[in-house]
2 protein chains.
Amino acid sequence: MDNRNSKTEQKRRVTLEDVARDAGLSRSTVSLVLRGSSAPSQRAVNAVFGSIQRLGYVYNRTAANLRTQTTHTIGLIIPNIENRFFAEFTVSAELELDRAEQTVILAHTSESVARQQKAIAMMLEHNVDGILICPAPNTRRVNVQPLIQSAKPVVCVSRRMPGGPWRYVAQDNVTGSRMAVEHLVQLGHKRIAFVGVYPNTSAYHERLSGFREGMVRAGIAVDERIVFPGENSFEGGFRTAPRLCALADRPTAVCCFNDMTALGFMKGLESCGLLPGVDIAVVGFDDILEAAVWQPSLSTVRSRASVVGCEAARTLMRAIAEEATPDEEILVAVDLVVRRSSGSSPVSAAEQS
Amino acid sequence: MDNRNSKTEQKRRVTLEDVARDAGLSRSTVSLVLRGSSAPSQRAVNAVFGSIQRLGYVYNRTAANLRTQTTHTIGLIIPNIENRFFAEFTVSAELELDRAEQTVILAHTSESVARQQKAIAMMLEHNVDGILICPAPNTRRVNVQPLIQSAKPVVCVSRRMPGGPWRYVAQDNVTGSRMAVEHLVQLGHKRIAFVGVYPNTSAYHERLSGFREGMVRAGIAVDERIVFPGENSFEGGFRTAPRLCALADRPTAVCCFNDMTALGFMKGLESCGLLPGVDIAVVGFDDILEAAVWQPSLSTVRSRASVVGCEAARTLMRAIAEEATPDEEILVAVDLVVRRSSGSSPVSAAEQS
DNA sequence: CTCCCTGCTTAGATCGATCTAATTAATCGA
DNA sequence: TCGATTAATTAGATCGATCTAAGCAGGGAG
């Protein structure tokens with residue numbers, strides 16, 4: 001007669017108490033069963049699972065969170081998930097965290113420090129057990145002050161962050177860039193440009209310093225006029241190409257900050273009437289999916305985002321278990337993938353033109 | 001003398017109680033201030049914020065969650081975030097949810113029903129306020145039974161799900177495919193193939209039925225031999241091309257399930273010695289970033305993932321506020337982007353070969 | 001002076017788990 | 001049969017907010 005199943009009348013959630021009553025046991029015993037303790041008798045275990053099935057009980061983690069002060073929840077702060085590196089990173093980190101029975105809270109900052117601050121505050125309110133963060137450019141110490149104060153386990157990914165020491169997991173940018181230079185030098189190139197400058201992230205500084213290091217080792221002076229500013233994007237690379245082509249003493253080879261920049265740069269070269277891989281050797285960084293299938297295919301430094309994601313997740317789990325020092329660093333090895341875009345030697349290129 | 005700041009001795013969290021004591025008020029009043037109630041006096045408000053600042057208080061949402069039975073948390077279940085559509089969707093949904101002061105819990109299923117089931121269970125345990133889900137292929141009613149029982153607000157994105165009625169937000173697949181066909185028909189094509197069959201998702205069925213609809217309207221019979229099975233991916237498209245090229249009565253145009261398939265297909269055409277956009281017209285679906293910059297640039301149906309993300313988030317918020325019916329549907333309009341890959345008419349292509 | 005507002009404040013119950021400390025039941029050796 | 005030991009169970013406090021229902025001033029009307 002009374003319509004208790006109306007829209008506003010929300011039916012009470014089934015609780016441990018209900019299960020206990022149904023199973024003829026106490027709340028405590030049921031709780032022990034749920035957590036897989038060896039204490040309860042087989043009879044009790046059976047009774048509990050029977051009741052859970054019968055009543056449709058759903059474990060209420062929010063209640064446990066309050067009592068245990070641990071939420072089995074990890075904050076993941078990503079600056080730009082449309083960047084394939086971070087997409088791949090996210091997938092593998094999520095997978096690894098899921099294996100460790102952790103839930104992922106996601107925040108996307110779009111490279112904005114303000115959104116990042118909000119994300120950090122929100123995650124601390126949710127009392128996450130730890131945080132994986134790839135900091136936005138221009139992140140200052142003051143922007144992460146709440147993180148520091150919280151003393152929660154944190155792992156920085158792919159970019160360093162002020163206010164540390166922080167745990168740090170990233171691809172080996174310095175070695176990678178150096179390998180790219182060494183590859184070009186081996187092909188006989190001497191005049192090598194660097195394209196794609198996005199200051200204020202450590203990845204940029206590291207890749208550029210790896211570039212310099214390679215040049216120095218090869219005994220070549222770095223000509224600062226052919227270290228090209230510009231955004232790290234397809235557009236950025238595209239717009240840089242004509243400026244490079246216009247130079248009197250045109251470089252014979254180019255290291256790009258990343259693959260998207262390199263692809264745009266190659267496209268720009270073509271619209272200047274130059275053939276990448278023939279007239280100018282081009283090397284990228286990341287090895288995104290498109291690198292292999294582009295025309296010409298792109299020689300690049302492969303940074304394995306999924307390995308970075310997995311290692312970052314594991315490092316965080318160890319940090320939570322207090323098995324990792326606060327300044328631990330993992331550099332994931334990179335390797336050079338030689339394809340067509342770096343194919344030509346400068347000599348053959350000169351012959352051709 | 002006593003080293004209370006040791007590693008194991010974790011300092012007690014600052015609570016509302018502490019703030020109340022410091023401000024000389026009761027817990028209740030402080031709580032009212034925090035929630036922006038108009039009841040407390042200005043004096044009280046100032047005192048509370050002063051104490052919060054001084055003590056470094058961080059709001060504990062897990063405690064509030066337990067009492068209010070609302071977590072301000074949304075579950076986001078994504079099958080494949082490396083797919084650009086979902087990456088873009090995720091960014092805009094997250095942004096919109098953040099605006100509504102909601103926190104996003106992310107789960108990535110990698111198109112696996114098993115992982116999806118685990119994700120749903122986990123989210124229900126965390127007592128999310130609502131769920132955005134793009135179901136994995138082959139999702140059956142039994143796989144989402146817990147979702148049904150929970151009676152929580154759910155919005156399906158981009159793919160339909162059994163066990164409904166469910167709210168549904170997606171790009172208009174049927175119209176989009178039909179527009180692609182109409183475009184090709186207008187160019188004079190009569191023999192049009194469909195490439196990229198990934199059954200068991202509604203998006204596939206809808207795009208294929210839009211294709212059929214377009215053909216029927218143009219008075220062209222669909223030749224089932226040139227509806228090509230194969231995975232929806234670069235690889236899938238690539239492998240389909242030679243099979244299509246080998247046909248005696250080769251199609252003059254191709255509709256691809258999505259852009260990645262189309263790009264792979266075009267690459268495959270080239271390795272068969274055919275020029276996409278010259279020998280065969282190709283149209284994709286999605287308008288991913290690469291479509292515009294590919295060689296040749298890809299004609300495609302633009303489905304605005306960010307609009308879908310935004311609409312899905314809003315629909316869910318309305319559902320939570322009980323302002324949306326359980327079977328609400330939003331189809332986001334698509335539009336045709338004509339580029340070079342569909343450039344040629346079948347006549348000029350015939351002349352050329 | 002009493003009664004009733006209104007504006008501000010608060011004590012104490014509550015959400016649903018976990019944890020501590022203790023109790024009860026079962027087993028065993030002497 | 002008894003005390004000791006182990007196995008199984010449980011009552012009640014606890015986590016940190018919110019919410020309910022009520023209390024306490026101070027002012028204005030009757």
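In this short talk I will go through the protein surface around DNA strand D and then turn to one residue, A:Thr62.

The model is predicted, with local features needing pLDDT of at least 70 and side-chain atom pairs counting only at pLDDT 80 or more, while totals for chains, interfaces and linings use all residues. Residues are numbered from 1 along each chain as its sequence is written, chains are lettered from A in the order in which they are written, and side-chain values use heavy atoms, leaving out hydrogens and water.

Around DNA strand D there are 27 residues, of which A:Ser26, B:Leu16, B:Ser31, B:Arg35 and B:Arg67 come nearest, a residue being near if one of its heavy atoms lies within 4 Å of the strand. Of the strand D atoms that come within 4 Å of the protein, 66% belong to sugar and phosphate.

As for polar contacts, meaning here pairs of N or O atoms within 3.5 Å, a backbone N or O atom of B:Leu16 lies 2.6 Å from a phosphate oxygen of strand D. At the bases, a polar side-chain atom of A:Arg27 lies 3.2 Å from a nitrogen, and a polar side-chain atom of B:Arg27 lies 3.3 Å from an oxygen. Among the elements giving two or more residues to this surface are helix 2 (27-34) and helix 4 (61-68) of both chain A and chain B, helices being DSSP runs of H or I with at least four residues.

Turning to A:Thr62, which lies in helix 4 of chain A, this residue counts as buried because its relative accessibility is 2%, where buried means under 20% relative accessible area with a 1.4 Å probe and protein chains only. Its contacts (heavy atoms within 4.5 Å), not counting residues up to four places away in sequence, include B:Thr62, B:Leu66 and B:His126.

How values were computed
A polar contact is a pair of N or O atoms within 3.5 Å; within protein, one must be able to donate a hydrogen and the other to accept it, and residues adjacent in sequence count only if both atoms are side-chain atoms. Buried means under 20% relative accessible area, exposed over 50%, partly exposed in between (1.4 Å probe, protein chains only).
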